Amino acid sequence: MDDDGLWVRPRARAWGNEAQRAVLHAIAEDLVKRTHHKVVAIEALRSDGYLEFVAIAGDDAARDKMLGQASPLALDHISQLGVELAGWNHIPSERLDDATRAWLDEYGHRPDTPASGLPNGWDPDDQMVRLLQNEDGELRGLLYLDEPLSGLRPTPETVAAINAEAGVLFEAVISIVERELYGEQVRMVAQARSAIESVRPGLGVQDLSSELSRAMVEAMDVATVDVIAVGSEVPGIEEDRLDVTEMMREQWARRGHVVVERQRTWSMKEDSIETPPSLTRLLDTYGLGSGLLVPIGAGEEYLGTLSMGRAADAPRWNASEINAATTVASDLARLLLEARLMERQRALNVELRDVIDYRRDMVLTLAHELRNPVSVLFSHLELLGLETHSEASSHSLEALDRAARRIEDMVADLLTLASVSDPDRGASLAEVDLAALVRETSDFLAQMAARDGVELRTVVADDLVVTGEAAGLQRMVSNLLSNGIKYTPEGGQVAMDLSRRTVDGVDGVLITCTDTGIGIAAAEVDKVFAPFFRSSSPEARKRPGTGLGLAIIERVVTRHDGTLEVESVLGEGTTFTVWLPVGGPRAAR
């Protein structure tokens, strides 16, 4: 309020900009000529719900007093006291009551002119007002005419002439005000989105809601902002939480909203109702004068509520702000869905980790439990080997020895698989010369290949060094070569080539192991890296194995952030391709 008790909005926050005001002033000057009135005034609806005088033509005293002033939106006196004439309301001076005169004295201007004295003459206290509404019936401003040049009060004929002459200008004023209201809506949405972008990614629903509320209340011209996800506790309405939730769920179904004021609760789409005690308590809890509740949802699912509060002395919520809040609620729906998905993913990761831990522990327990009986078997086989046996007994002892060694191999593979599959196991990384490792492993397996009549060939470039686990990489190379030898018939060939290869800008080493063996059926290629998988092929079943060798290879490659591919033709052979980054796993860089 200023010293005279008039509501004056600070100039820096007044309606529109100078260009918009200049256009409206030109329209007011044009209306003076077209309507044959000395004075024309235009009030525009602001985004805070107040009406502000933005253009006054024909009366310098009125312009000096009223231009830039704003009044609360109160139209009851127009509808109750006015006489409707083709879209206009004429309020004769004799109908004015004391309350309306006081209102006009505070927010209006009475010209210092005498009454015309003519029959049906215009009185200085007469009011001629037109509500400027858009196609949806939403108020956008008021247009006042004063001091008709004829000196007479309006008639249906004179009003029809005014509408015919100046109707296009009414629409122009509405359009200008709507553009400004839309601009205010865009600004509010921009403030909210800027706040939203400042929130850390990857949060769960509860943390996201808290951070969004904090960021938005700092960025926006409101007292409180709360993003309330379904199921969240709201202090002050514990007893009525279910009722409020159901109310907002219904609002989402009709894509509505709720404006909560002390006496009445309303929506632009529905009639007002008496404010429920639960919502009054909510205002009291936060010391607010009013609140705006907008449902957040996706499809048919209600996700929560965007709650915004204003202080007791703040203006009412208007359509521009409600529309902006609805737009912001749509953005929040996406974030809440992402946060919920993140929580589910984390929960699944925990469950998966528990399964992996259980499987690893089970494998380790099984391997350790098998070690003792295998040791006992070997001890007794050694003792029995010191004695002389019949040919049948000797065959039995040899079979026992082979079985014991298969179990020993399985135990070793189980322990290796558990080791390379353990994400918590600290990797002992070092520079590993893959070229030297392949040559050494090839020399070691050459005797086995020769025994089976398989040619073993390696083509290795020099100085192929990567950062990695030496033991794991050695087991990977050994399994690739021994697997190729095992499944290649006599007279076949196993070849391993090493070369430099850059993938997506990352330097690495390419390892290719090709055999001319029995191959893998197309239906089984995607299954070969699963632990304990054994081919259904009779040719493959003839060869002993644990079904763990390829699984170990896959785990080693994965731990080194490499890639592993397999191509195979049944009856012709198989090629395994491994690529490893020179720098080692990303986590260790």
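This short talk covers the confidence of one model, a pair of packed helices, a strand with its partners, and one serine.

Good morning, colleagues. The structure before you is a predicted model, and I shall therefore begin with confidence, since where pLDDT is low, the predicted coordinates should not be read in detail. Averaged over the chain, pLDDT is 84, and 92% of the residues score at least 70. Among the elements, strand β20, residues 573–581, has the highest mean, at 95, whereas helix α10, residues 391–420, has the lowest, at 74. Over residues 1–13, pLDDT stays under 50. The model does have 22 contacts beyond four places in sequence for residues 1–13.

I turn now to the helices. Helix α12, residues 470–486, packs with helix α14, residues 549–559, at an angle of about 140°. The axes of these two helices are 9 Å apart, and their crossing is left-handed. Which residues make the contact? From α12 come Gly472, Leu473, Arg475, Met476, Asn479, Leu480 and Asn483. From α14 come Gly549, Leu550, Ile552, Ile553, Val556 and Val557. Sorted by class, the contact holds 8 nonpolar residues, 4 polar ones and 1 charged one.

Next, strand β9, which spans residues 258–261. In a regular strand, the side chains alternate between the two faces of the sheet. In β9, Val258 and Val260 lie on one side, and Val259 and Glu261 lie on the other. Are these residues buried or exposed? All four are buried, and both faces of β9 are thus covered.

What are the partners of this strand? With strand β12, residues 290–298, β9 runs antiparallel and is joined by 4 bridges. Glutamate 261 stands opposite serine 290 of β12. With strand β10, residues 264–267, β9 also pairs in the antiparallel sense, here over 2 bridges. Valine 260 has threonine 265 of β10 as its bridge partner. The connection from β9 to β10 is a hairpin through 2 residues.

Finally, I would draw attention to serine 442, located in helix α11, residues 434–451. Why is serine 442 classed as buried? Its relative accessible area is 8%, and the class applies because buried means under 20%. Beyond its neighbours within four places in sequence, serine 442 is in contact with Leu456, Thr458 and Leu481. Of these contacts, Leu481 falls within the residue range of helix α12, 470–486, the helix that packs with α14.

That concludes my remarks, and I thank you for your attention.

Conventions
Residues numbered from 1 in each chain as written. Predicted model: local features only at pLDDT ≥ 70, side-chain atom pairs only at ≥ 80, totals over all residues. Heavy atoms only, no water. pLDDT = per-residue confidence, 0-100. Contact = heavy atoms within 4.5 Å. Axes fitted to C-alpha atoms, helices over the stretch in contact; angles between N-to-C directions. Left-handed = near helix turned anticlockwise from the far one by under 90°. Nonpolar A, V, L, I, M, F, W, Y, C, P; charged D, E, K, R; others polar. Buried < 20%, exposed > 50% of the residue type's maximum accessible area, 1.4 Å probe, protein only. Pairing = 2+ DSSP bridges.
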